[in-house]
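Visitor: I've got a few questions about how the labels get assigned here. Could you put the structure up and walk me through them?

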Amino acid sequence: MSLSIRNQLPGTVTAVTPGEAMATVRVRLAGGQDLTAAITREAADDLGLTPGTDVRALVKSTEVALATTPVQGLSIRNRLPGTVTAIAAGDAMASVRITVEGGELTAAITKDAADDLRLSAGTPVVALIKSTEVSLAVG
């Protein structure tokens, strides 16, 4: 199956915390970073997620926010440091490619935001991804 989701990061489940309706799943990415996914408990059960399960963390590019300085006081669990490698900007939106340890991410942000942040190749950034925006795939 091919997907339009730009961000597909390989990793291994390190912990699953089931709740009534939702479960949080900790994933160690290939680059060594930890990522948290909040998915339905039913999905976690259906996928058979347990520590050691190989997964792909899927994140739409529109769900990746960027910061150019460390950010404090946010509930966003996933903060991946990286470096901008390329920007393709149109009149309204910009597609920003970022290298992170062990992979690449794409963030779709407004052109105004890219300009305000003064993004260019080589700019260090932190990719911010809410745990509810991370999907998991197995197999």
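**Walking through the labels**

Guide: Sure. Let's start with contacts: of those in the protein between residues at least 6 apart in sequence, 60% join residues at least 24 apart. Keep in mind that this is a predicted model.

Visitor: How do you know that the radius of gyration agrees with a compact globule?

Guide: Set one value against the other. For 139 residues, the rule for a compact globule gives a radius near 14 Å, and the protein has 15 Å, so the two agree. If you'd like a box around the C-alpha atoms, it is roughly 45 × 35 × 25 Å along the principal axes.

Visitor: What makes up the secondary structure of the protein?

Guide: You get 2 helices and 10 strands. Along the sequence, they come in the order β-β-β-α-β-β-β-β-β-α-β-β.

Visitor: How much of the protein is buried?

Guide: Buried residues account for 35% of the 139; the label requires a relative accessible area under 20%. As for the surface, the protein exposes about 7700 Å², and 50% of that comes from carbon and sulfur atoms.

Visitor: Why is Arg 118 called exposed?

Guide: The cut-off for exposed is over 50%. Arg 118 has 70% relative accessibility, so it counts as exposed. You'll find Arg 118 in the loop between helix 2 (111–116) and strand 9 (124–129).

Visitor: And what makes the phi of Arg 118 worth a look?

Guide: Most residues other than glycine have a negative phi. Arg 118 isn't glycine, yet its phi is positive, near 55 degrees.

Visitor: Why does Pro 70 get the label exposed?

Guide: Its relative accessible area is 68%, and the label needs over 50%, so Pro 70 is exposed. Pro 70 sits in the loop between strand 5 (65–67) and strand 6 (78–89). From the C-alpha atom of Pro 70 to that of Pro 18, 52 residues away along the chain, the separation is 30 Å.

Visitor: Ala 89 is in a strand. Why is Ala 89 called exposed?

Guide: Same kind of check: Ala 89, in strand 6, has a relative accessible area of 53%, and with the cut-off at over 50%, it is therefore exposed.

Visitor: Which residues does Ala 89 touch?

Guide: Leaving out residues up to four places away in sequence, Ala 89 touches Ala 94 and Lys 111. For that label, heavy atoms have to be within 4.5 Å. Val 25, on the other hand, is 64 residues from Ala 89 along the chain, and their C-alpha atoms are 34 Å apart.

Visitor: What makes a space a cavity, and how many are there?

Guide: A 1.4 Å probe has to fit but be unable to get out. Counting those of 30 Å³ or more, there is 1 cavity. The largest cavity holds about 50 Å³, and its lining includes Leu 9, Pro 10, Gln 33 and Glu 101. By class, that lining has 5 nonpolar, 4 polar and 1 charged residues.

Visitor: What makes a pocket something else, and what lines the largest pocket?

Guide: A pocket is an open set, whereas the probe can't get out of a cavity. The largest pocket has about 180 Å³ of space. Among the residues lining it are Met 1, Asp 54, Arg 56 and Gly 139. Strand 4 (residues 54–59) gives the most to that lining, with 4 residues. The lining divides into 6 nonpolar, 2 polar and 2 charged residues.

Note on methods. Residues are numbered from 1 along each chain as its sequence is written. This is a predicted model: local features need pLDDT of at least 70, side-chain atom pairs count only at pLDDT 80 or more; totals for chains, interfaces and linings use all residues. Side-chain values use heavy atoms; hydrogens and water are left out. On a 1 Å grid over the protein atoms alone, a cavity is a set of points where a 1.4 Å probe fits but cannot get out, and a pocket is an open set with protein on both sides within 12 Å along at least five of seven lines; lining residues have an atom within 4 Å of a point. Grid points are joined across faces, edges and corners, and a volume is the space filled by probe spheres set on the points. Ala, Val, Leu, Ile, Met, Phe, Trp, Tyr, Cys and Pro count as nonpolar, Asp, Glu, Lys and Arg as charged, and the others, Gly among them, as polar. The radius of gyration is taken over C-alpha atoms; the globule rule is 2.2 Å times the number of residues to the power 0.38. Buried means under 20% relative accessible area, exposed over 50%, partly exposed in between (1.4 Å probe, protein chains only). Accessible areas come from the Shrake-Rupley method with a 1.4 Å probe; for residues, only the protein chains shown count as cover.
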